[in-house]
Amino acid sequence: MQGEGIAIGVSDFKMLRRRNNYYIDKTNYIKNIIDNQSGVILITRPRRFGKTLNMSMLKYYFDIRQKENQKLFEGLEILKQGKKYTSKLGYYPVIYMTLKDIKSRNFENMLLAFQTEMVEIFIEYADLLNSNKLLDIEKEMFCTVLNRKANEVELQNAIKLLTRLLYKEYEKPVILLIDEYDVPLQEAYVEGYYEEAVKFLKTFYGVSFKDNPYLEKTVITGVSRVAKESIFSRSE
């Protein structure tokens, strides 16, 4: 543990490090993610267990657009692990998505909340519209999501679209981080639209990272373990 002052409720790794708050070094978690040969890694832990902070840490470590972030990891274990691991700092395009705020009373509002989250993600990558590596039709598809005009099917395919565009732009596979994957399902169960939510999310997850050639790795966190009939598999 190092730093000064306890940061209660802070789940942003960069904020915590810049404020020099106390931090229990968990950066070997990054090493474990790199070493894990699975394409999709699901991490289930109880609430308030530091899942979001760890996902934030992964984003700041891997994100190719934030190469200056090495200073955030100075003095921490991950930078002592050798070139195999330090070479991945600032190496990949990263998509970070959180579903923690998708809490709606009906399926229609869930889709609106889901659309809002997608718009926030696409805003972060709006500079892709200036790329000379993307086709005009790809930019039009990007703008459909960005401008809140995406229909249900387009929303289900939005993350795969973004992974393809980032792969073309940076010529490197993408790391996808999905935090609190099960919050919409829990809310749908309570409010009575569970079947609709499962159908939508099962297709979304299946399209996003099952056999997605543009992905390096997907890391997912949540509270619930996956049942025998997984929502992460598309119906054949």
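Author: Buried means under 20% relative accessible area. The model here is predicted.

Reader: Why is Asp63 called buried?

Author: Asp63 has a relative accessible area of 0%. The cut-off is under 20%, so Asp63 counts as buried.

Reader: What makes Arg65 partly exposed?

Author: Its value is 29%. Partly exposed lies between the 20% and 50% limits, so Arg65 fits that class.

Reader: How do you know that Asp63 and Arg65 meet in a salt bridge?

Author: The N to O distance is 3.5 Å. A salt bridge needs a side-chain nitrogen of Lys or Arg within 4 Å of a carboxyl oxygen of Asp or Glu. The pair therefore qualifies.

Reader: What makes Arg65 and Glu124 a salt bridge?

Author: The N to O distance is 2.8 Å, and the limit is 4 Å. This pair links distant parts of the chain, 59 residues apart. Arg65 sits in the loop between α3 (51–62) and α4 (83–86). Glu124 is in helix α5 (residues 107–124).

Reader: Which salt bridge does Arg164 form?

Author: Arg164 pairs with Glu138, with the closest N and O atoms 3.5 Å apart. Arg164 lies in helix α8 and Glu138 in helix α6, so the pair ties together parts 26 residues apart in sequence.

Reader: Why is Glu138 called buried, and Arg164 partly exposed?

Author: Glu138 is at 6%, under the 20% cut-off. Arg164 is at 22%, between the 20% and 50% limits.

Reader: Which residues do salt bridges that share partners join into one network?

Author: Lys59, Asp63, Arg65 and Glu124.

Terms used
Residues numbered from 1 in each chain as written. Predicted model: local features only at pLDDT ≥ 70, side-chain atom pairs only at ≥ 80, totals over all residues. Heavy atoms only, no water. Buried < 20%, exposed > 50% of the residue type's maximum accessible area, 1.4 Å probe, protein only. Helix = DSSP H or I, 4+ residues; strand = E, 2+ residues; numbered from the N terminus.
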